[in-house]
Amino acid sequence: MKFGAAVLRSYESPFTVEEVTLEAGPAVGEVLVRVAGCGMCRTDLAVRRSAGRSPLPAVLGHEGSGIVVDVGGPDTGLSVGDHVVLSFDSCGHCRTCKDAAPAYCDSFASLNLYGGRGTNTARFVDAAGRELAPRWFGQSSFAEYAVVLARNAVRVDPSLPLELLGPLGCGFLTGAGAVLNSFGAGPGDTVAVFGAGAVGLAAVMAATAAGAVTVAVDRHPERLALAERFHALPVPAASSDLPGRIRRLTDGGAQYALDTTGSARLINDALRALRPTGHLGLVARLHTALSLEPGTLDRGRRMSHICEGDAVPGLLIPRLTALWRAGRFPFDQLTRTYPLTGVNEAERDCDAGRVVKPVLIPHSGS
């Protein structure tokens with residue numbers, strides 16, 4: 001089976017849209033999906049800075065959505081024609097997977113980031129017959145088709161805007177899940193979100209939907225304006241006495257804070273903005289040692305890393321689509337679509353902050 005895909009051949013080169021070949025159909029427990037849309041996440045772009053740990057050449061993309069066109073065996077739980085959102089890979093049998101915490105799978109890094117799946121991986125080849133790296137995040141959905149494990153594909157209502165749903169499998173899942181799962185925020189709680197990108201704005205929407213008072217911190221006025229549209233109190237990141245300003249807005253401090261920036265200064269500010277017993281969640285990968293200022297973790301405050309919003313995708317994605325139907329999680333307002341051939345333009349716009357969430361449409365015009 002031959003189809004188009006965006007291939008990254010080196011850490012410095014642009015993507016090239018090429019014809020690739022899938023040498024075999026879905027194995028037992030897998031499904032073949034015709035990709036309707038795929039969000040571009042900063043984790044995709046971070047491959048360029050991965051110091052060679054992510055194998056290339058590869059087809060990236062891990063926020064896919066599409067229609068099942070083939071199934072591997074009778075026990076996938078999915079049928080041809082099902083609309084699905086694709087999420088991250090997991091082994092399914094380690095202690096944390098069995099404890100309904102697949103984002104903390106013992107093999108998460110190797111399966112999703114470093115090409116560690118040991119079976120059915122050498123099936124993607126380029127036009128010259130050279131193998132491409134194993135599936136990125138179990139899907140490699142910057143392409144017209146993707147092969148995924150059925151347990152990582154979440155069935156959704158066919159009346160939903162399928163081409164825009166992919167980011168619910170990672171970026172929007174992460175921000176919303178941090179608020180709804182990790183924090184369990186509810187009416188009367190206060191949530192401060194540092195960084196109003198795709199993950200941060202999804203957290204703002206989820207906090208508002210949960211009835212929490214929400215503060216958004218960012219350095220870009222246009223991102224703060226978006227956060228305000230979603231009912232957050234906007235605070236410029238350069239504000240003098242940023243923690244004090246947040247404490248005043250939240251009547252003594254936020255119960256929860258989410259940092260999406262990885263900035264040591266903002267992480268320390270977030271801790272200082274918490275009330276006693278407050279919880280700071282970190283979702284960004286830290287690339288240097290984090291120094292905490294004296295007193296930031298006093299009085300019962302705590303800090304934890306949150307992966308994929310502590311989500312079981314099959315539970316949280318339907319919850320988010322239900323909130324969207326109710327007008328309480330308008331994630332579609334954060335997206336801009338590009339044809340697959342516009343993958344490099346989408347990357348430039350994402351890097352420059354001109355778009356919150358690019359979504360590639362592989363079959364546009366077909």
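Begin by selecting Leu233, which lies in strand 12, residues 233-236. The structure is a predicted model. Leu233 counts as partly exposed because its relative accessibility is 34%, between the limits for buried and exposed. Add Val213 and Leu249 to the selection: together with Leu233 they form a nonpolar patch on the surface, with about 200 Å² of accessible area in total.

**The parallel sheet**

Next, display the sheet to which strand 12 belongs. This is an open sheet of 6 strands with parallel pairing, and its order is 12-11-10-13-14-15. Strand 12 and strand 15 (302-305) are the edge strands, each pairing on one side only. On average, neighbouring strands in this sheet are turned by 20° against each other, direction ignored.

At the strand 15 edge, select strand 14, residues 274-282, as well; the two strands run parallel and are joined by 4 bridges. Select His279 to find its bridge partner in strand 15, Arg302. Then bring in helix 7, residues 242-249, which packs on the sheet and touches strand 10 (190-194), strand 11 (213-218) and strand 12. The direction of helix 7 makes about 170° with that of strand 12.

**Two residues in helices**

Within helix 7, select Arg245. This residue is partly exposed, as its relative accessible area is 33%. Leaving aside residues up to four places away in sequence, Arg245 touches Pro234, Val235, Pro236 and Ser239. For a sense of distance, select Ile317 too: Arg245 and Ile317 are 72 residues apart in sequence, and their C-alpha atoms are 34 Å apart in space.

Move now to Thr321 in helix 9, residues 313-325. Is Thr321 buried or exposed? Thr321 is buried, because a relative accessible area of 8% falls under the 20% limit. With residues up to four places away in sequence not counted, Thr321 touches Leu160 and Leu168.

**The antiparallel sheet**

Another open sheet has 4 strands in the order 4-1-2-7, with antiparallel pairing. Its edge strands, each pairing on one side only, are strand 4 (58-59) and strand 7 (124-126). Select strand 1 (residues 2-8) and strand 2 (residues 16-22), which pair in the antiparallel sense over 6 bridges. Gly4 stands opposite Glu19 in strand 2.

**Salt bridges**

Side chains of opposite charge can pair when their charged atoms come close. The whole structure contains 14 salt bridges. Select Asp351 and Arg42, whose side chains meet in one of them at 3.6 Å, N to O. This pair links distant parts of the chain: Asp351 is in helix 10 (residues 343-352), Arg42 is in helix 1 (residues 42-45), and they are 309 residues apart. Asp351 is partly exposed at 48% relative accessible area, and Arg42 is partly exposed at 46%.

Continue to Asp349. Its side chain meets that of Arg336 in a salt bridge at 3.6 Å, N to O. Arg336 lies in strand 16 (residues 335-339) and Asp349 in helix 10, so the pair ties together parts that are 13 residues apart in sequence. Arg336 is partly exposed, with 38% relative accessible area, whereas Asp349 is buried, with 8%. Asp349 also forms a salt bridge with Arg354, the closest N and O atoms being 2.9 Å apart. Arg354 is partly exposed, with a relative accessible area of 49%.

For the last stop, select Arg9, Glu18, Asp126 and Arg130, which are linked in a network of salt bridges.

Technical notes:
Residues numbered from 1 in each chain as written. Predicted model: local features only at pLDDT ≥ 70, side-chain atom pairs only at ≥ 80, totals over all residues. Heavy atoms only, no water. Patch = residues over 30% accessible without salt bridge, like charges linked within 9 Å, V, L, I, M, F, W, Y side chains within 5 Å. Areas by Shrake-Rupley, 256 points an atom, 1.4 Å probe, with all protein chains shown as cover. Salt bridge = Lys/Arg side-chain N within 4 Å of Asp/Glu carboxyl O. Buried < 20%, exposed > 50% of the residue type's maximum accessible area, 1.4 Å probe, protein only. Pairing = 2+ DSSP bridges. Axes fitted to C-alpha atoms, helices over the stretch in contact; angles between N-to-C directions. Contact = heavy atoms within 4.5 Å.
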